[in-house]
Structures are given as C-alpha cells and as structure tokens.
Amino acid sequence: MVKRSDTRKPQDAGGSSLAESVAHELNNIAASLFGFVELAAEEVDAESPLLRCLGEIRIGVSRVTNLAAVLEALAEVEGSSARTAISNCLGGDTPVDSGGGFRLNWECDPATVVDADPDRVHRAVRTLALFAKADSTIGSDLAFTVSRTASESHCSFCGAILPPGSVTITLIADDLRRSDTKTAGGRRRAGRTFPQLVVMGSVHATHVAGGHVALDAAHSSISLVLPSA
C-alpha cells in the first residue's frame, strides 16, 4: 500500500481559505488591468514607443494571473480519490494554451486505472503548465509524457514509497534546476522564485489528489506519480 503524504489533509484550513481569497482578488485586479491596457493599445499609434510599455504591462498582468493559479493550487485542502482512467485526469489531448487540455505523449494505455482525484490531478498538471508562460524559457513546445514506472522509487518530497507500475505524468523543464527543491529546509526558505512556487503548488495539489512527486537526479524533470488501482 502506498504511504500517503501528511499534506493530503492540511490542518490550516483558514490559511487555505485566505490563499483562495487572495487568488480571487489577484484575478480581479489582473482582469481590470488587462481591460484598460487593451483600451489604451487601441488609442496608441502603431509606431508609438508606448506600445512597448503596454507590452511589459501585459507580461506583468500574466505573471499576476499565473501566481493566482499557484495560490489556488496551494489552497486545496482535501481530495476524494476514486478508481478512474488516467485519461480522465488529464482533460484530453489538446494544446496547453487552448485551456482545454494538455499536449500529451502517451507511453502507456490511456485507459490505465489509477487511484486519484481527477479534478485535483488536473489542477496539479495545470499548475505545472505555468512553466510555459512568460516566466519560462522553454517556449511553446511544452508537453507531458504519460508512462508507467518500471521500478520502485520514492516521493521526492514526503518520502513515500512509489511501487512499480505507478503512472507518471512527466514534464521536462530546465527551469527546475534553478528551484531549490532538494530538501525540506530549502522549501521553507523565504524568497522563492516563480519556478519554485510552481513546483510547490503542483506538489501540494498532487498530494491532495492522492499522488506523489518525483524529481530526476539532475532536477531537469518533474513527475506527478499516481498509484495504479
């Protein structure tokens, strides 16, 4: 039996509610700013240097919405695991930027059954997809590889044993190398970078979903690991 992480049922429900409220307000602010930026862009001449300034504001607004998404992932306080096909946890196979799903490379049967909360898994994967946004260097070719583990491993964050045959959803991203995720002590340090926040939001959402997380030795890829049912 897979050992569950203690983060599946956080004690600080009030803190989670606060994070969700802050995320909601950030989204409201971003939506308002975006609307005014677009109105201003319509009034500015195409050759005006102000267009570059407006472009920088758009990037800032995008970062605010990305941070709001991380806060929403961190606000997850409980999940309801069920036996379901891994394909039900991923929202289809469409481009990441469409909002309808994720670009997937299938190396296992999409009908493989896992024990997880599909909505929370989807949140965790969607949070990792933020590596494809403005703060990332990996561009628009972001894709997740879905496969099964060949041998026993351990969760990089809670130490739980991950049995062979578990399903992994893997993202390769060089930005992970700049994230101090090796030790719990590193995770407690203040001043996290955006990639670190993305990782921690996805780690939390994955544990709430009933799964675990594995980093490769070079810290160039991160895998969300779900136990097979």
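Helices and strands here are DSSP runs, numbered from the N terminus. With that naming in hand, glutamate 78 can be placed in the loop between α2 (50-74) and β1 (82-85). The model is a predicted one, and glutamate 78 makes a handy way into it. Its relative accessibility is 53%, and since anything over 50% is called exposed, this residue counts as exposed. Along the chain, glutamate 78 and alanine 205 are 127 residues apart, yet 9.2 Å is what separates their C-alpha atoms.

Stepping back to the whole protein, there are five helices and nine strands. Going along the sequence, they come in the order α-α-β-β-β-α-β-β-β-β-α-α-β-β. The protein has 229 residues, and 42% of them count as buried. Links between distant parts of the chain make up much of the picture: if contacts with a separation of 6 or more are taken, 71% of them join residues 24 or more positions apart.

How far can the model be trusted from place to place? The mean pLDDT of the protein is 79, with 76% of the residues at 70 or more. Confidence peaks in strand β3 (residues 113-116), where the mean is 95, and bottoms out in helix α4 (residues 184-188), where the mean is 41. Two stretches also deserve some care. Over residues 94-100 the pLDDT stays under 50, and the model gives this stretch 13 contacts beyond four places in sequence. Residues 134-140 are likewise below 50, with 15 contacts in the model beyond near neighbours in sequence. Where pLDDT is low, the predicted coordinates should not be read in detail.

Helix α5 is worth a look of its own. This helix covers residues 194-208, which makes 15 residues, and spans 21 Å from its first C-alpha to its last. That is close to the 21 Å expected at 1.5 Å a residue. Of those 15 residues, 14 are buried, so α5 is largely enclosed by the rest of the structure. After the helix comes glycine 210, which has a positive phi, near 100°.

Next up is the pair of strands β8 and β9. These two run antiparallel and are joined by four bridges. In β8 (residues 212-215), His212 and Ala214 point one way while Val213 and Leu215 point the other way, and all are buried. The hairpin of β8 and β9 has five residues between the strands, and histidine 219 in this hairpin takes a positive phi near 55°.

Serine 223 ties several of these pieces together. This residue sits in strand β9 (residues 221-226), and alanine 214 stands opposite it. At 10% relative accessibility, serine 223 is under the 20% cut-off and therefore counts as buried. Leaving out residues up to four places away in sequence, serine 223 touches His212, Val213 and Ala214, along with Thr168, Ile169 and Thr170. With threonine 170, the side chain of serine 223 makes a side-chain to side-chain polar contact of 2.6 Å.

Finally, what about the cysteines? Cysteine 89 has a relative accessibility of 0%, so it counts as buried. Cysteine 53, at 44%, counts as partly exposed. As for disulfides, a search of the whole structure turns up zero.

Technical notes. Residues numbered from 1 in each chain as written. Predicted model: local features only at pLDDT ≥ 70, side-chain atom pairs only at ≥ 80, totals over all residues. Heavy atoms only, no water. pLDDT = per-residue confidence, 0-100. Contact = heavy atoms within 4.5 Å. Disulfide = S-S within 2.5 Å. Buried < 20%, exposed > 50% of the residue type's maximum accessible area, 1.4 Å probe, protein only. Expected span 1.5 Å × (residues − 1). Polar contact = N/O pair within 3.5 Å; in protein donor to acceptor, adjacent residues only side chain to side chain. Pairing = 2+ DSSP bridges.
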